[in-house]
Amino acid sequence: MAVRRKLIVGNWKMNGSLAALAELDPMAAAAANCCDVDVGICPPFTLVAPAAARAPSLAIGGQDCHAAESGAHTGCVSVPMLKEAGAKIAITGHSERRADQHESNEDVRAKALSALSAGLLTIVCVGESAAQRDADEAVAVVTAQLAGSVPDETQTGELVVAYEPIWAIGTGKVATPADVAEMHTAIRAHLRSRFGAEGEGMRILYGGSVKADNAAELFAVPDVDGALVGGASLTAAQFVPIIEAAASAK
Ligand code: PGA
């Protein structure tokens, strides 16, 4: 069986400031103590360069990227720009971008391909709505998102899938371990069927209201290789215990 290192990535969304980067210091210290865990933080674009300079031992990343390297795309940031700022990670296809910016699976696949081609750790987010889960469509929806959003070639970067049920994001509602297990098993099967042994080694994160008090239970679920953490990644007081829970998970 593939040994996959745990990966904990914080997504600051549209939060943070230069002053807030002080939170990175204890996070970096915790990451250094938990040497079996990879830790990243994706702050807003304006903070990527100062975050990377301040915390070189953390993997700093962008919350999105454009598929093109440059051009007339007002307000967008490309993968080469992110890399120049020190980014090691790109999040693509977050449900907030799929909803707010109307990103399609095709858009997400193109962004992910750009990030993977540049060697970034590329997180492709998928997840169903509450209505889709209630209609028993969750696995079918997520599988279709994977088919449409995950590029066929992983290039030089590392592909990571984040399963984030939309109804669990920022709500305090967490998917049950049984539901997480069912979905992560389905995602693993999809990755294995497309990528063979490489798919066995790809990390699958859970996201949606991950906190210090539920992290250990989630990390005990087979095929949960870490977490994408929103609200609880903003402060070291909340984020460090999640890193520590990943380090203690077997
Ligand atoms: P949350 O966000 O941890 O605040 O629910 C997770 C995410 O959107 O990545």
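Where is Gln 63 found? I looked it up in the model, which is a predicted one. Gln 63 sits in the loop between strand S3 (59-62) and H3.

**Entry 1: Gln 63**

I checked whether Gln 63 is buried or exposed. Its relative accessible area is 19%, so Gln 63 is buried, the cut-off being under 20%. I then listed what Gln 63 touches, leaving out residues up to four places away in sequence. The list holds Asn 11, Trp 12, Lys 13, Cys 42, Pro 43, Pro 44, Phe 45, Ile 91 and Arg 97. I also took a distance to Glu 84, which is 21 residues from Gln 63 along the chain. The C-alpha atoms of the two are separated by 15 Å.

**Entry 2: the nonpolar cores**

I went through the largest nonpolar core, which has 66 residues. The members that touch the most other members are Ile 8, Leu 24, Leu 58, Ile 187, Tyr 206 and Phe 219. Helix H11 (residues 236-248) gives the most to this core, namely seven residues. Apart from this core I noted another of twelve residues, including Ile 123, Cys 125, Ala 162 and Leu 228. In soluble globular proteins, nonpolar side chains tend to be buried together.

I picked Ile 187 for a contact list. Not counting residues up to four places away in sequence, Ile 187 touches Val 142, Leu 146, Val 161, Tyr 163 and Ile 204.

**Entry 3: helix H7**

Val 142 and Leu 146 led me to H7, where both are buried. The other buried residues of H7 are Ala 138, Val 141, Gln 145, Gly 148 and Ser 149. What do the buried residues of H7 pack against? I found helix H4 (95-100), helix H5 (105-117), strand S5 (121-126), helix H6 (130-134), strand S6 (158-163) and helix H8 (177-195).

I checked the length of H7 (residues 138-149) as well. At 1.5 Å a residue, its twelve residues should span 16 Å, and the end C-alpha atoms are 16 Å apart, so the two values agree.

**Entry 4: helix H5 and the turns in phi**

I repeated the check for H5, where 13 residues at 1.5 Å each should span 18 Å. The end C-alpha atoms of H5 are 18 Å apart, which agrees. Buried in H5 are Val 108, Lys 111, Ala 112, Ser 114, Ala 115 and Leu 116. Their cover includes helix H3 (79-84), strand S4 (89-92), H4, S5, H7 and S6.

Just after H5, Gly 119 takes a positive phi of about 85 degrees. I looked for positive phi in residues other than glycine too. His 102 has a phi near 55 degrees and is in the loop between H4 and H5. At 66% relative accessibility, His 102 counts as exposed. Asp 223 has a positive phi of about 70 degrees and lies in the loop between H10 and strand S8 (226-229). With a relative accessible area of 17%, Asp 223 is buried.

**Entry 5: H1 against H11**

How do the axes of H1 and H11 cross? The axes of helix H1 (residues 24-33) and H11 come within 9 Å and cross at roughly 10 degrees. I therefore wrote down H1 as roughly parallel to H11, since angles under 35 degrees count as such. From H1 the contact uses Pro 26, Met 27 and Ala 30, and from H11 it uses Ala 236, Phe 239, Val 240 and Ile 243. By class, I recorded seven nonpolar, no polar and no charged residues in this contact.

Terms used
Residues are numbered from 1 along each chain as its sequence is written. This is a predicted model: local features need pLDDT of at least 70, side-chain atom pairs count only at pLDDT 80 or more; totals for chains, interfaces and linings use all residues. Side-chain values use heavy atoms; hydrogens and water are left out. A nonpolar core is a set of buried Ala, Val, Leu, Ile, Met, Phe, Trp, Tyr and Cys residues joined through side-chain atoms within 4.5 Å. Buried means under 20% relative accessible area, exposed over 50%, partly exposed in between (1.4 Å probe, protein chains only). Helices (H or I, at least four residues) and strands (E, at least two) are DSSP runs, numbered from the N terminus. Contact means heavy atoms within 4.5 Å. The expected span of a helix is 1.5 Å times one less than its number of residues. Axes are lines fitted to C-alpha atoms, for helices over the stretch in contact, and angles run from 0 to 180 degrees between N-to-C directions. Angles under 35 degrees count as roughly parallel, over 145 as roughly antiparallel, 65 to 115 as roughly perpendicular and the rest as oblique. Ala, Val, Leu, Ile, Met, Phe, Trp, Tyr, Cys and Pro count as nonpolar, Asp, Glu, Lys and Arg as charged, and the others, Gly among them, as polar.
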